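I opened the notebook to go through one structure, from the whole chain down to single side chains. The entries follow in the order I looked things up.

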Amino acid sequence: VVTADYDGRQSAKAATLIADKLLEGEEFVLGVRDLEHSNMSKKMRNGYKMVGLTFRVLYSKRVRDIQTGLRGIGRSLMPYFIDIKGSRYEYEPKMIIDAVRDDIPICEVDVGPIKPIDMDESTLFVSENFRPFADSFRIMVVLFVNFIKYAMTSISATAVDFALFYTLSNHILKDLS
């Protein structure tokens with residue numbers, strides 16, 4: 001299956017490149033956009049770069065475009081990706097996080113710059129139902145949720161350790177010293 005965002009920015013040629021990789025035997029393919037030569041604002045481009053850098057720091061893997069909607073999913077991975085919960089703009093990063101966590105190989109295919117469309121950014125966001133603050137926040141939560149779970153587990157384990165040490169040293173073992 002090849003998926004593409006509905007905004008018309010991905011070309012049929014780019015979708016064909018993804019399909020060809022699936023036919024060659026790849027199971028998870030990402031269409032990597034050339035953000036440097038795309039018609040987007042510097043602010044938006046820097047946002048994409050920041051999300052990519054955050055991903056690399058948190059997951060120790062470089063994925064050049066974690067927010068691409070142009071993806072290819074092989075037959076064997078369909079049940080795996082269907083089970084991933086999420087919607088809107090955070091679903092793409094969730095797919096990639098789960099793939100990286102479970103050591104699923106990711107094939108990245110350069111698909112060129114984002115195709116120009118006849119809208120300015122504010123009109124584009126409205127047409128895509130993009131909510132800059134809310135959707136950006138949801139993407140960042142997706143990126144940090146595993147880190148937060150790890151931190152909470154560590155804090156809980158530390159609290160249990162201290163409680164046991166206090167109990168043992170002040171109540172149970174105090175007569176032995």
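What percentage of the contacts in the protein chain with a separation of 6 or more is accounted for by residues 24 or more positions apart? I looked this up and got 77%. I note here that the model is predicted.

**Entry: overall layout**

I read off the secondary structure next. The protein chain has 6 helices and 4 strands. Following the sequence, I wrote the pattern down as β-α-β-α-β-α-α-β-α-α.

I then checked burial. Of the 177 residues in the protein chain, 35% are buried. The accessible surface comes to about 11,100 Å², and carbon and sulfur atoms hold 62% of that surface.

**Entry: the nonpolar cores**

I looked for nonpolar cores. The largest one has 22 residues. Phe28, Phe55, Phe81, Ile96 and Ile106 have the most contacts inside this core. Strand 2 (28–34), helix 2, helix 4 and helix 6 each supply at least two residues of the core. Helix 4 gives the most to it, with 6 residues.

I picked Ile106 to see what surrounds it. Leaving out residues up to four places away in sequence, Ile106 touches Phe28, Leu30, Val63, Ile96, Ala99 and Val100. Apart from this core I found another, of 8 residues. Ile18, Leu70, Cys107 and Val111 are among its members.

**Entry: helix 4**

How many of the 11 residues of helix 4 are buried? I found 9, so I list helix 4 (residues 91–101) as mostly covered, with buried taken as under 20% relative accessible area. The buried residues are Tyr91, Glu92, Pro93, Met95, Ile96, Ile97, Asp98, Ala99 and Val100. I note that Glu92 and Asp98 are on this list as well.

I also looked just past the end of the helix. Asp103, just after helix 4, takes a positive phi of about 55°.

**Entry: Asp65**

I went to Asp65, which is found in the loop between helix 2 (42–59) and strand 3 (71–73). Is Asp65 buried or exposed? Its relative accessibility is 3%, so Asp65 counts as buried.

I listed its neighbours, not counting residues up to four places away in sequence. Asp65 touches Leu30, Gly31, Val32, Arg33, Ile96 and Glu108. Ile96 is also one of the residues with the most contacts inside the largest nonpolar core.

Which residue forms a salt bridge with Asp65? I found Arg33, with the closest N and O atoms 2.6 Å apart. The two side chains are also listed as making a polar contact, at 2.6 Å. Asp65 and Arg33 are both buried. Why does the pair tie together parts that are 32 residues apart in sequence? Asp65 lies in the loop between helix 2 and strand 3, and Arg33 lies in strand 2, so the salt bridge joins those two parts.

**Entry: other salt bridges**

I searched the whole structure and got 7 salt bridges. I looked at two more of them.

The side chains of Glu108 and Arg64 meet in a salt bridge, at 3.7 Å from N to O. Glu108 lies in strand 4 (residues 107–113) and Arg64 in the loop between helix 2 and strand 3, so this pair ties together parts that are 44 residues apart in sequence. Glu108 counts as partly exposed, at 27% relative accessibility. Arg64 also counts as partly exposed, at 32%. I followed the shared partners and found that salt bridges join Arg64, Glu108 and Asp110 into one network.

The side chains of Glu24 and Lys21 meet in another salt bridge, at 3.4 Å from N to O. Glu24 is exposed, because its relative accessible area is 58% and the cut-off for exposed is over 50%. Lys21 has a relative accessible area of 27%, so I entered it as partly exposed.

**Entry: a nonpolar patch on the surface**

Last, I looked at the outside of the model. Which residues make the nonpolar surface patch of about 430 Å²? I wrote down Val160, Leu164, Leu168, Ile172 and Leu173. I took Leu164 for a closer look and placed it in helix 6 (residues 132–172). Leu164 has 49% relative accessibility, so it counts as partly exposed.

Methods: Residues are numbered from 1 along each chain as its sequence is written. This is a predicted model: local features need pLDDT of at least 70, side-chain atom pairs count only at pLDDT 80 or more; totals for chains, interfaces and linings use all residues. Side-chain values use heavy atoms; hydrogens and water are left out. Buried means under 20% relative accessible area, exposed over 50%, partly exposed in between (1.4 Å probe, protein chains only). Contact means heavy atoms within 4.5 Å. Accessible areas come from the Shrake-Rupley method with a 1.4 Å probe; for residues, only the protein chains shown count as cover. Patches are made of residues with over 30% relative accessible area and no salt bridge: like charges are joined within 9 Å, nonpolar side chains (Val, Leu, Ile, Met, Phe, Trp, Tyr) within 5 Å. A salt bridge is a side-chain nitrogen of Lys or Arg within 4 Å of a carboxyl oxygen of Asp or Glu. A polar contact is a pair of N or O atoms within 3.5 Å; within protein, one must be able to donate a hydrogen and the other to accept it, and residues adjacent in sequence count only if both atoms are side-chain atoms. A nonpolar core is a set of buried Ala, Val, Leu, Ile, Met, Phe, Trp, Tyr and Cys residues joined through side-chain atoms within 4.5 Å.
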